[in-house]
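Student: Could you take one strand of this model and walk me through it closely, with its partners and its surroundings?

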Amino acid sequence: MNQRYANSPQEVAKMNTEEIRNNFLIEDLMWHDKFSFTYSHYDRAIVGSVVPASKILELPNFDNLRSEYFLERRELGIINVGGPGEIVADDESFKINKLDAVYVGMGTKSITFKSVSQDDPAKLYLFSTPAHQSYPSALIKKEEAAPVNIGSKETANERSIYKYIYLQGKRSCQLVMGLTLLHPGSVWNTMPSHTHDRRMEAYFYFDLPSDQVVFHYMGQPQETRHLVVQNDQAILSPPWSIHSGCGTSNYGFIWAMAGENQDYADMDPVLVKDLR
Ligand SMILES: O=C[C@H](O)[C@@H](O)CC(=O)C(=O)O
Ligand SMILES: [Zn+2]
(Lines give C-alpha, C1' and ligand atoms only; values in the text may rest on other atoms or scores of the structure.)
(Ligands and ions follow the chains in the order given, each with its own letter.)
Protein backbone atom coordinates (compact mmCIF):
# COMPACT_ATOMS: atom_id res chain seq x y z
CA MET A 1 0.00 0.00 0.00
CA ASN A 2 1.37 3.44 -0.91
CA GLN A 3 1.42 6.02 1.86
CA ARG A 4 0.93 9.80 1.78
CA TYR A 5 1.54 11.99 4.79
CA ALA A 6 -0.40 15.19 5.42
CA ASN A 7 1.12 18.51 4.32
CA SER A 8 0.54 21.99 5.70
CA PRO A 9 -0.55 24.91 3.47
CA GLN A 10 2.80 26.63 4.16
CA GLU A 11 4.69 23.56 2.91
CA VAL A 12 2.54 23.19 -0.19
CA ALA A 13 2.98 26.86 -1.16
CA LYS A 14 6.72 26.15 -1.64
CA MET A 15 6.35 22.95 -3.70
CA ASN A 16 7.41 22.60 -7.33
CA THR A 17 5.47 20.55 -9.90
CA GLU A 18 7.12 17.25 -9.04
CA GLU A 19 6.61 17.70 -5.29
CA ILE A 20 2.95 18.57 -5.75
CA ARG A 21 2.43 15.52 -7.96
CA ASN A 22 4.29 13.20 -5.54
CA ASN A 23 2.13 14.34 -2.63
CA PHE A 24 -1.32 14.75 -4.18
CA LEU A 25 -1.60 12.84 -7.48
CA ILE A 26 -2.43 9.12 -7.45
CA GLU A 27 -1.40 7.45 -10.72
CA ASP A 28 -1.27 3.90 -9.33
CA LEU A 29 -4.85 2.89 -10.20
CA MET A 30 -6.89 0.55 -12.41
CA TRP A 31 -4.35 -2.19 -13.07
CA HIS A 32 -5.78 -5.42 -14.50
CA ASP A 33 -6.01 -8.32 -12.06
CA LYS A 34 -4.61 -6.49 -9.07
CA PHE A 35 -5.52 -4.17 -6.24
CA SER A 36 -3.75 -0.89 -5.65
CA PHE A 37 -4.14 1.25 -2.54
CA THR A 38 -2.89 4.60 -1.27
CA TYR A 39 -3.23 5.39 2.44
CA SER A 40 -3.65 9.12 3.09
CA HIS A 41 -3.04 10.63 6.50
CA TYR A 42 -5.80 13.15 5.75
CA ASP A 43 -8.60 11.56 7.81
CA ARG A 44 -6.92 8.15 7.21
CA ALA A 45 -8.81 7.71 3.96
CA ILE A 46 -7.66 4.94 1.62
CA VAL A 47 -8.00 5.41 -2.15
CA GLY A 48 -7.76 2.28 -4.27
CA SER A 49 -8.95 0.25 -7.21
CA VAL A 50 -9.33 -3.23 -8.60
CA VAL A 51 -9.99 -4.46 -12.13
CA PRO A 52 -10.89 -8.17 -11.98
CA ALA A 53 -10.07 -8.89 -15.62
CA SER A 54 -9.39 -12.64 -15.81
CA LYS A 55 -10.14 -13.94 -12.30
CA ILE A 56 -12.04 -13.41 -9.05
CA LEU A 57 -10.06 -11.23 -6.65
CA GLU A 58 -10.48 -11.09 -2.86
CA LEU A 59 -9.80 -7.93 -0.83
CA PRO A 60 -6.47 -8.50 0.94
CA ASN A 61 -5.39 -7.24 4.36
CA PHE A 62 -2.39 -4.99 4.96
CA ASP A 63 0.21 -4.85 7.76
CA ASN A 64 -0.07 -1.12 8.25
CA LEU A 65 -3.76 -1.42 9.24
CA ARG A 66 -2.77 -3.64 12.22
CA SER A 67 -6.17 -5.32 11.99
CA GLU A 68 -7.43 -8.87 11.59
CA TYR A 69 -8.97 -7.99 8.24
CA PHE A 70 -9.34 -4.86 6.09
CA LEU A 71 -12.81 -3.82 7.28
CA GLU A 72 -12.39 -4.75 10.96
CA ARG A 73 -12.49 -1.02 11.83
CA ARG A 74 -13.32 0.45 8.40
CA GLU A 75 -16.11 0.96 5.91
CA LEU A 76 -15.79 0.88 2.12
CA GLY A 77 -17.46 2.66 -0.80
CA ILE A 78 -17.14 1.26 -4.34
CA ILE A 79 -18.13 2.79 -7.69
CA ASN A 80 -17.81 0.95 -11.01
CA VAL A 81 -16.53 2.92 -14.02
CA GLY A 82 -16.16 -0.13 -16.30
CA GLY A 83 -18.19 -3.12 -17.50
CA PRO A 84 -20.71 -5.05 -15.38
CA GLY A 85 -19.32 -6.74 -12.29
CA GLU A 86 -20.30 -8.67 -9.20
CA ILE A 87 -19.24 -8.07 -5.60
CA VAL A 88 -19.79 -10.63 -2.85
CA ALA A 89 -19.57 -9.22 0.70
CA ASP A 90 -19.70 -12.17 3.17
CA ASP A 91 -23.07 -13.75 2.21
CA GLU A 92 -24.49 -10.91 0.12
CA SER A 93 -24.03 -10.59 -3.62
CA PHE A 94 -24.37 -7.32 -5.56
CA LYS A 95 -24.52 -6.90 -9.34
CA ILE A 96 -22.78 -3.61 -10.04
CA ASN A 97 -23.15 -1.96 -13.46
CA LYS A 98 -21.28 1.09 -14.71
CA LEU A 99 -21.79 4.07 -12.35
CA ASP A 100 -23.54 1.99 -9.69
CA ALA A 101 -22.14 2.02 -6.15
CA VAL A 102 -21.80 -0.57 -3.40
CA TYR A 103 -21.36 0.28 0.28
CA VAL A 104 -19.71 -2.38 2.47
CA GLY A 105 -20.10 -2.03 6.23
CA MET A 106 -17.56 -2.41 9.02
CA GLY A 107 -17.09 -6.03 10.15
CA THR A 108 -17.42 -7.58 6.69
CA LYS A 109 -14.69 -10.22 6.55
CA SER A 110 -14.64 -11.41 2.96
CA ILE A 111 -15.17 -9.30 -0.15
CA THR A 112 -14.65 -10.66 -3.65
CA PHE A 113 -14.72 -8.85 -6.98
CA LYS A 114 -15.38 -10.26 -10.43
CA SER A 115 -16.35 -9.12 -13.91
CA VAL A 116 -19.26 -10.47 -15.94
CA SER A 117 -17.14 -10.48 -19.13
CA GLN A 118 -13.36 -10.62 -19.59
CA ASP A 119 -13.71 -8.47 -22.71
CA ASP A 120 -15.32 -5.62 -20.75
CA PRO A 121 -14.01 -5.91 -17.17
CA ALA A 122 -15.45 -4.01 -14.23
CA LYS A 123 -13.23 -1.09 -13.14
CA LEU A 124 -13.89 -0.59 -9.46
CA TYR A 125 -12.80 2.55 -7.61
CA LEU A 126 -12.48 2.00 -3.85
CA PHE A 127 -12.57 4.51 -0.99
CA SER A 128 -12.31 3.37 2.63
CA THR A 129 -12.44 5.30 5.91
CA PRO A 130 -12.26 4.41 9.61
CA ALA A 131 -15.64 3.40 11.09
CA HIS A 132 -17.09 2.93 14.57
CA GLN A 133 -20.27 0.97 13.86
CA SER A 134 -21.57 -1.42 11.27
CA TYR A 135 -24.11 -0.15 8.74
CA PRO A 136 -25.68 -2.66 6.33
CA SER A 137 -23.95 -3.27 3.02
CA ALA A 138 -26.01 -2.16 0.02
CA LEU A 139 -26.13 -1.60 -3.72
CA ILE A 140 -27.00 1.95 -4.82
CA LYS A 141 -27.98 2.04 -8.49
CA LYS A 142 -27.26 5.09 -10.63
CA GLU A 143 -30.95 5.21 -11.58
CA GLU A 144 -31.92 5.62 -7.88
CA ALA A 145 -29.60 8.58 -7.33
CA ALA A 146 -31.64 11.53 -8.64
CA PRO A 147 -29.00 13.88 -10.05
CA VAL A 148 -28.80 17.57 -9.23
CA ASN A 149 -28.06 19.62 -12.36
CA ILE A 150 -25.95 22.72 -11.80
CA GLY A 151 -23.82 25.18 -13.78
CA SER A 152 -24.55 26.65 -17.19
CA LYS A 153 -23.40 26.44 -20.80
CA GLU A 154 -22.27 30.07 -20.71
CA THR A 155 -19.72 29.31 -17.97
CA ALA A 156 -18.83 25.85 -19.39
CA ASN A 157 -19.66 24.13 -16.08
CA GLU A 158 -22.97 22.39 -16.83
CA ARG A 159 -22.89 19.12 -14.85
CA SER A 160 -25.00 16.52 -13.02
CA ILE A 161 -24.16 15.54 -9.44
CA TYR A 162 -25.18 12.04 -8.29
CA LYS A 163 -25.06 11.48 -4.52
CA TYR A 164 -24.90 7.86 -3.33
CA ILE A 165 -23.53 7.57 0.21
CA TYR A 166 -24.52 10.61 2.30
CA LEU A 167 -26.74 11.76 5.17
CA GLN A 168 -30.03 11.71 3.22
CA GLY A 169 -29.12 8.64 1.16
CA LYS A 170 -27.24 5.45 2.01
CA ARG A 171 -26.06 5.95 5.60
CA SER A 172 -22.49 5.35 6.73
CA CYS A 173 -20.25 6.28 9.66
CA GLN A 174 -18.30 9.07 7.96
CA LEU A 175 -17.87 8.12 4.32
CA VAL A 176 -19.59 10.42 1.78
CA MET A 177 -19.41 9.48 -1.91
CA GLY A 178 -20.91 10.15 -5.32
CA LEU A 179 -20.00 11.25 -8.80
CA THR A 180 -20.37 14.14 -11.19
CA LEU A 181 -20.75 14.03 -14.98
CA LEU A 182 -19.83 17.06 -17.08
CA HIS A 183 -22.18 17.69 -19.97
CA PRO A 184 -20.67 17.71 -23.49
CA GLY A 185 -19.11 21.11 -24.13
CA SER A 186 -18.68 21.84 -20.42
CA VAL A 187 -15.22 21.52 -18.89
CA TRP A 188 -15.19 23.15 -15.44
CA ASN A 189 -15.93 21.15 -12.29
CA THR A 190 -16.56 22.63 -8.86
CA MET A 191 -16.25 26.19 -10.16
CA PRO A 192 -17.08 28.38 -8.25
CA SER A 193 -14.72 26.62 -5.81
CA HIS A 194 -15.19 25.82 -2.17
CA THR A 195 -13.30 24.47 0.81
CA HIS A 196 -14.59 22.40 3.74
CA ASP A 197 -11.95 22.49 6.43
CA ARG A 198 -13.89 19.79 8.26
CA ARG A 199 -13.48 17.15 5.55
CA MET A 200 -10.75 15.89 3.21
CA GLU A 201 -11.81 14.88 -0.28
CA ALA A 202 -10.46 12.73 -3.12
CA TYR A 203 -11.36 13.19 -6.80
CA PHE A 204 -10.99 10.32 -9.30
CA TYR A 205 -11.22 11.44 -12.95
CA PHE A 206 -12.71 8.97 -15.47
CA ASP A 207 -14.21 8.85 -18.98
CA LEU A 208 -11.65 11.42 -20.09
CA PRO A 209 -10.43 10.63 -23.66
CA SER A 210 -6.85 9.30 -23.49
CA ASP A 211 -5.43 12.28 -25.41
CA GLN A 212 -7.12 14.84 -23.14
CA VAL A 213 -6.24 16.09 -19.62
CA VAL A 214 -7.78 17.90 -16.67
CA PHE A 215 -5.99 20.82 -15.02
CA HIS A 216 -6.87 20.22 -11.37
CA TYR A 217 -6.60 23.23 -9.07
CA MET A 218 -5.70 22.96 -5.37
CA GLY A 219 -4.31 25.09 -2.55
CA GLN A 220 -5.73 27.71 -0.25
CA PRO A 221 -8.09 29.98 -2.23
CA GLN A 222 -5.55 32.82 -2.31
CA GLU A 223 -2.55 30.55 -3.04
CA THR A 224 -3.61 28.12 -5.78
CA ARG A 225 -1.52 25.51 -7.60
CA HIS A 226 -2.41 23.07 -10.36
CA LEU A 227 -1.77 19.46 -11.33
CA VAL A 228 -2.26 18.01 -14.80
CA VAL A 229 -4.33 14.85 -14.42
CA GLN A 230 -5.00 12.06 -16.93
CA ASN A 231 -7.84 9.57 -17.21
CA ASP A 232 -8.17 7.07 -14.32
CA GLN A 233 -6.00 9.14 -11.99
CA ALA A 234 -7.01 10.57 -8.61
CA ILE A 235 -6.01 13.54 -6.47
CA LEU A 236 -6.05 14.03 -2.71
CA SER A 237 -7.57 17.30 -1.53
CA PRO A 238 -6.50 18.51 1.94
CA PRO A 239 -9.37 19.91 4.05
CA TRP A 240 -8.04 23.47 3.63
CA SER A 241 -7.72 23.22 -0.16
CA ILE A 242 -10.00 24.12 -3.03
CA HIS A 243 -10.60 21.27 -5.51
CA SER A 244 -11.69 22.33 -8.99
CA GLY A 245 -10.78 21.21 -12.45
CA CYS A 246 -10.84 22.38 -16.04
CA GLY A 247 -10.61 19.74 -18.75
CA THR A 248 -9.58 19.90 -22.38
CA SER A 249 -12.84 17.96 -22.93
CA ASN A 250 -15.76 16.89 -20.76
CA TYR A 251 -15.29 13.98 -18.32
CA GLY A 252 -16.65 12.42 -15.13
CA PHE A 253 -15.23 12.25 -11.63
CA ILE A 254 -15.95 10.38 -8.43
CA TRP A 255 -15.77 12.50 -5.28
CA ALA A 256 -15.42 10.97 -1.84
CA MET A 257 -15.00 12.61 1.55
CA ALA A 258 -14.26 11.86 5.19
CA GLY A 259 -13.97 13.92 8.35
CA GLU A 260 -15.83 15.91 10.94
CA ASN A 261 -19.32 15.76 9.43
CA GLN A 262 -21.31 14.23 6.56
CA ASP A 263 -23.28 17.33 5.59
CA TYR A 264 -22.76 17.59 1.81
CA ALA A 265 -23.85 21.25 1.88
CA ASP A 266 -21.24 22.20 4.50
CA MET A 267 -18.98 24.09 2.11
CA ASP A 268 -17.31 27.49 2.38
CA PRO A 269 -17.81 29.00 -1.08
CA VAL A 270 -15.06 31.08 -2.68
CA LEU A 271 -15.99 33.86 -5.11
CA VAL A 272 -14.29 33.44 -8.47
CA LYS A 273 -12.92 37.00 -8.26
CA ASP A 274 -11.28 36.22 -4.88
CA LEU A 275 -9.12 33.35 -6.19
CA ARG A 276 -5.38 33.95 -6.54
O1 LIG B 1 -17.84 18.72 -1.61
C2 LIG B 1 -18.40 18.34 -2.68
C3 LIG B 1 -17.54 17.98 -3.80
O4 LIG B 1 -16.43 18.81 -3.94
C5 LIG B 1 -18.21 17.70 -5.15
O6 LIG B 1 -19.40 17.00 -4.97
C7 LIG B 1 -18.47 18.95 -5.98
C8 LIG B 1 -18.90 18.56 -7.36
O9 LIG B 1 -19.07 17.40 -7.67
C10 LIG B 1 -19.10 19.62 -8.37
O11 LIG B 1 -19.23 20.80 -8.01
O12 LIG B 1 -19.14 19.27 -9.58
ZN1 LIG C 1 -15.73 19.56 -1.93
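Tutor: Here is a look at strand 6, followed by a nearby topic, the open sheet. This is a predicted model, where local features need pLDDT of at least 70, side-chain atom pairs count only at pLDDT 80 or more, and totals for chains, interfaces and linings use all residues. Residues are numbered from 1 along each chain as its sequence is written.

Strand 6 covers residues 74-80; strands here are DSSP runs of E, at least two residues, numbered from the N terminus. Seven of its seven residues are buried, meaning that 20 or more other C-beta atoms, placed from the backbone, lie within 10 Å of a residue's own. Both faces are covered: Arg-74, Leu-76, Ile-78 and Asn-80 are buried on one side, and Glu-75, Gly-77 and Ile-79 on the other.

Now for its partners, where pairing takes at least two DSSP bridges between two strands. Strand 6 runs antiparallel to strand 11 (residues 124-130), with seven bridges, and Gly-77 has Phe-127 as its bridge partner there. Strand 9 (residues 101-104) is also antiparallel to strand 6, joined by four bridges; in strand 9, Val-102 is the bridge partner of Ile-78.

For contrast, take the open sheet: four strands in the order 5-10-7-8, with antiparallel pairing. Strand 5 (57-58) and strand 8 (92-96) sit at the edges with a single partner strand each, so one side of each has no neighbour in the sheet. Strand 8 pairs with strand 7 (residues 85-89) over five antiparallel bridges, and one of the bridge pairs is Gly-85 with Ile-96 of strand 8.

Technical notes:
Chains lettered and ligands numbered in written order. Buried ≥ 20, exposed ≤ 12 C-beta atoms within 10 Å, placed from the backbone.
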